[in-house]
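Colleague: I have a structure to go through with you. Please keep the answers short.

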Amino acid sequence: PDNSTVDLNISSTIEYSKENWDDERKVHLEGEGFFKVEKGNKFTVDTDHGTIEVLGTEFNIRSRQKITEVICYEGKVRVTDLSGESTILTQGMATKITDGLMETDWTPPVSGDADWKNGASSFHAAPFANVVEELENQYKITVDLKTDMQDKVYYGAFPHDNLEQALQMVVNPYALKYTIKSDSVVVIE
């Protein structure tokens, strides 16, 4: 209602109350969104893992599984985890909340715009399960993971327009193999 905008990544939703908007600019995010917030009263984004309070204008939030990642592109945002710990991010800064608690040592490279808006998903020390989930979301597939990758983290990216290339970029660093079983099922072993 205030001309703020959010671009939502695939499999993402926001909810807000139109009736209370003038009193409380608050949205709930499931998934990933890039926000451009108009000046005005406090603007808050709730996720299952924490709260992001806008003190500026442009930022990206990815909130999937047990992790919320916040990158500030312009202005300032305050990020608060479920324990109440908070930090203020300014342009080029990022933070991650895992299992409801802030991680202070997560520093991904920050480009001029959210990578997913340019047709790719990128990850910095992401649990392998989160990378697989993003593959499933972007390509509308189910991945049958036949190997234990529980303790593995992924550094890299994959494109949203070429499944073969995306799979190669995800499995090659671990010497895994994949098989495309159908339009909707991929096996990784």
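The questions below go through a sheet, two loops, some ring pairs and a glutamine.

Colleague: What kind of model is this?

Modeller: Local features are read here at pLDDT of at least 70. Side-chain atom pairs count only at pLDDT 80 or more. The model is predicted.

Colleague: In the open sheet of three strands, what is the strand order?

Modeller: The pairing in this open sheet is mixed. β13 (142–145) and β15 (178–180) each have a single partner strand, so they stand at the edges. Neighbouring strands are turned by 20 degrees against each other on average, direction ignored. The order is β13-β16-β15.

Colleague: Which residue in β16 stands opposite I180?

Modeller: β15 covers residues 178–180. This strand pairs with β16 (residues 185–188) in the antiparallel sense, over three bridges. The residue opposite I180 is V186.

Colleague: Helix α2 packs on the sheet; what angle does its direction make with that of β15?

Modeller: Helix α2 spans residues 163–171. The helix touches both β15 and β16. Its direction and that of β15 make an angle of about 160 degrees.

Colleague: S11 is not a glycine; what is its phi?

Modeller: S11 sits in the loop between β1 (5–8) and β2 (13–16). Its relative accessible area is 45%, so S11 counts as partly exposed. Its phi is positive, at about 60 degrees.

Colleague: Is D99 buried or exposed?

Modeller: D99 belongs to the loop between β10 (94–98) and β11 (101–103). Its phi is positive, near 50 degrees, in a residue other than glycine. The cut-off for exposed is over 50% relative accessible area. D99 has 54%, so the residue is exposed.

Colleague: How many aromatic pairs does the count come to?

Modeller: Ring centres must lie within 6.5 Å to pair. W21 and F43 are one such pair, at 5.7 Å centre to centre. By this rule the count comes to eight.

Colleague: How many residues apart in sequence are the parts that W21 and F43 tie together?

Modeller: The planes of W21 and F43 stand at 80 degrees, an edge-to-face pair. Both residues are buried. W21 lies in the loop between β2 and β3 (25–36), and F43 lies in strand β4 (residues 43–46), so the pair ties together parts whose separation in sequence is 22 residues.

Colleague: Why is the pair of F123 and Y154 called edge-to-face?

Modeller: The ring centres of F123 and Y154 are 5.9 Å apart. Planes over 60 degrees apart count as edge-to-face. The planes of F123 and Y154 are at 70 degrees, so the pair is edge-to-face.

Colleague: Which strands do F123 and Y154 come from?

Modeller: Both residues are buried. They are 31 residues apart, and their pair links distant parts of the chain. F123 is in β12 (residues 120–127) and Y154 is in β14 (residues 153–159).

Colleague: Which residues do ring pairs link into a cluster?

Modeller: W21 and F43 form an edge-to-face pair. Both belong to the cluster. Its members are Y16, W21, F35, F43 and F59.

Colleague: Which side chain does a polar contact of 2.9 Å join to that of Q138?

Modeller: Q138 is in helix α1 (residues 128–139). Its relative accessible area is 13%, so Q138 is buried. Beyond four places away in sequence, Q138 touches N9, I10, S121, F158 and H160. The polar contact of 2.9 Å is with the side chain of N9.

How values were computed:
Residues numbered from 1 in each chain as written. Heavy atoms only, no water. Pairing = 2+ DSSP bridges. Helix = DSSP H or I, 4+ residues; strand = E, 2+ residues; numbered from the N terminus. Axes fitted to C-alpha atoms, helices over the stretch in contact; angles between N-to-C directions. Contact = heavy atoms within 4.5 Å. Buried < 20%, exposed > 50% of the residue type's maximum accessible area, 1.4 Å probe, protein only. Phe/Tyr/Trp six-rings, centres within 6.5 Å; stacked < 30°, edge-to-face > 60°. Polar contact = N/O pair within 3.5 Å; in protein donor to acceptor, adjacent residues only side chain to side chain.
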